[in-house]
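Subject: Structure handover

Hi,

Here is the structure I promised to pass on to you. Please open it alongside this note, and my findings follow below.

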Amino acid sequence: MRVLVVEDEEDLAEMIADGLRSSGIVADVAVDGGRAMEMAAAAEYDVLVLDRDLPVVHGDAVCRMLHTAGYPARILMLTAAGSLADLVDGLGKGADDYLAKPFSYVELVARLQALARRGPSGTPTVLERHGLRLDTVRRFAERDGRLLRLTPKELGVLGALMSADGAPLRPADLLDRVWDCATDPESTTVKVTVHQLRRKLGPPPLIETVPGFGYRL
């Protein structure tokens with residue numbers, strides 16, 4: 001799951017994002033509505049955690065414009081206003097869920113997982129291919145019934161390759177889907193992670209290197 005946290009209180013935004021990352025969720029941060037629109041146009045997010053009272057472009061306007069444009073990500077409205085009228089108003093602008101501050105971090109993660117299960121593209125939450133079974137919500141994988149002890153990034157790479165259904169993915173594609181936007185695109189992170197994943201999957205090898213392009217499963 002890739003999440004964009006849009007919150008003008010930068011410390012709070014980073015705290016939320018760090019917590020999501022510790023749960024195996026790829027999280028980026030935008031601190032105003034204008035930057036959120038730019039980042040949403042440049043990357044495919046599964047869920048936006050969107051504060052309502054944003055500078056530059058108000059959260060309501062961001063929500064309405066993304067909804068009108070058919071942007072596929074789910075939107076969780078995050079705000080200090082928690083009345084029934086606020087909830088109805090936020091949902092009416094295109095939000096899929098609504099969470100009032102202060103909130104429980106456990107509840108936030110549970111709501112994000114629920115929104116991901118409702119995924120806009122209809123992508124299944126359990127992927128199966130070549131004896132592999134990956135539950136993208138509960139975050140575990142098996143090969144021929146054997147539990148694989150994978151890190152969050154290894155799970156993300158495996159999920160991206162399985163979702164591609166045999167099509168090759170470039171390292172840049174994997175970097176975009178599994179790592180946040182702060183990751184150096186020139187790093188060897190993808191190569192190292194694929195190497196570790198191959199080792200943990202065991203024989204016979206499933207991940208193929210496509211010369212001059214990338215990887216496929």
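First, the salt-bridge rule: a side-chain nitrogen of Lys or Arg must lie within 4 Å of a carboxyl oxygen of Asp or Glu. By this rule the count comes to 15 salt bridges. Before the details, please note that this is a predicted model, in which local features need pLDDT of at least 70 and side-chain atom pairs count only at pLDDT 80 or more, while totals for chains, interfaces and linings use all residues. Residues are numbered from 1 along each chain as its sequence is written, and side-chain values use heavy atoms, with hydrogens and water left out.

Two more conventions will help. Helices (H or I, at least four residues) and strands (E, at least two) are DSSP runs, numbered from the N terminus. For accessibility, "buried" means under 20% relative accessible area, "exposed" over 50%, and "partly exposed" in between (1.4 Å probe, protein chains only). The areas themselves come from the Shrake-Rupley method, and for residues only the protein chains shown count as cover.

**Salt bridges**

One of the salt bridges joins the side chains of Asp176 and Arg2, at 3.2 Å from N to O. Asp176 lies in helix H7 (residues 171-178) and Arg2 in strand E1, so this pair ties together parts that are 174 residues apart in sequence. The two partners sit in contrasting surroundings: Arg2 is buried, at 4% relative accessible area, whereas Asp176 is partly exposed, at 36%.

Other pairs are local. Asp18 forms a salt bridge with Arg21, and their closest N and O atoms are 2.8 Å apart. Because these residues are three apart in helix H1, about one helical turn separates Asp18 from Arg21. Both ends are partly exposed: Asp18 has a relative accessible area of 44%, and Arg21 has 29%.

Helix H2 (residues 33-42) holds a pair with that spacing too, since Arg35 and Glu38 are three residues apart and separated by about one helical turn. Their closest N and O atoms are 3.2 Å apart in the salt bridge, and Arg35 is partly exposed at 39% relative accessible area. As for networks, salt bridges with shared partners join Arg2, Asp28 and Asp176 into one.

**Acidic residues and the annotated site**

Which residues gather in a patch of negative charge on the surface? They are Asp8, Glu9, Glu10, Asp11 and Asp53. A patch is made of residues with over 30% relative accessible area and no salt bridge; like charges are joined within 9 Å, and nonpolar side chains (Val, Leu, Ile, Met, Phe, Trp, Tyr) within 5 Å. Lys and Arg count as positive and Asp and Glu as negative, while His and the chain ends are not counted. The place of a charge is taken as NZ of Lys, CZ of Arg, CG of Asp or CD of Glu. Within the patch, Asp8 is in the loop between strand E1 (2-6) and helix H1 (10-22), and Asp8 is partly exposed, with a relative accessible area of 34%.

Asp51 carries an annotation: an unreviewed UniProt entry places the feature "modified residue: 4-aspartylphosphate" there. UniProt positions are given in the numbering used here, feature names are shortened, and annotations may be inferred rather than shown by experiment. In the model, Asp51 is part of strand E3 (residues 47-51) and is buried, at 4% relative accessible area.

Leu99 belongs to strand E5 (residues 97-100) and counts as buried, with 4% relative accessibility. From Leu99 to Leu50 the C-alpha to C-alpha distance is 9.8 Å, with their positions 49 residues apart in sequence.

**Backbone points to check**

Most residues other than glycine have a negative phi, and most peptide bonds are trans. Here are some exceptions:

- Lys101 and Pro102 are joined by a cis peptide bond, with omega about -10°. Pro102 lies in the loop between E5 and helix H5 (105-117).
- The bond from Pro203 to Pro204 is cis, with omega near -10°. Pro204 is in the loop between helix H8 (189-201) and strand E10 (208-210).
- His130 has a positive phi of about 55°. His130 sits in the loop between strand E6 (126-129) and strand E7 (132-135), and is partly exposed at 46% relative accessibility.
- Asp144 has a positive phi near 50°. Asp144 falls in the loop between strand E8 (140-143) and strand E9 (146-148), and is exposed, with a relative accessible area of 64%.

Happy browsing, and best wishes!

Key:
Areas by Shrake-Rupley, 256 points an atom, 1.4 Å probe, with all protein chains shown as cover.
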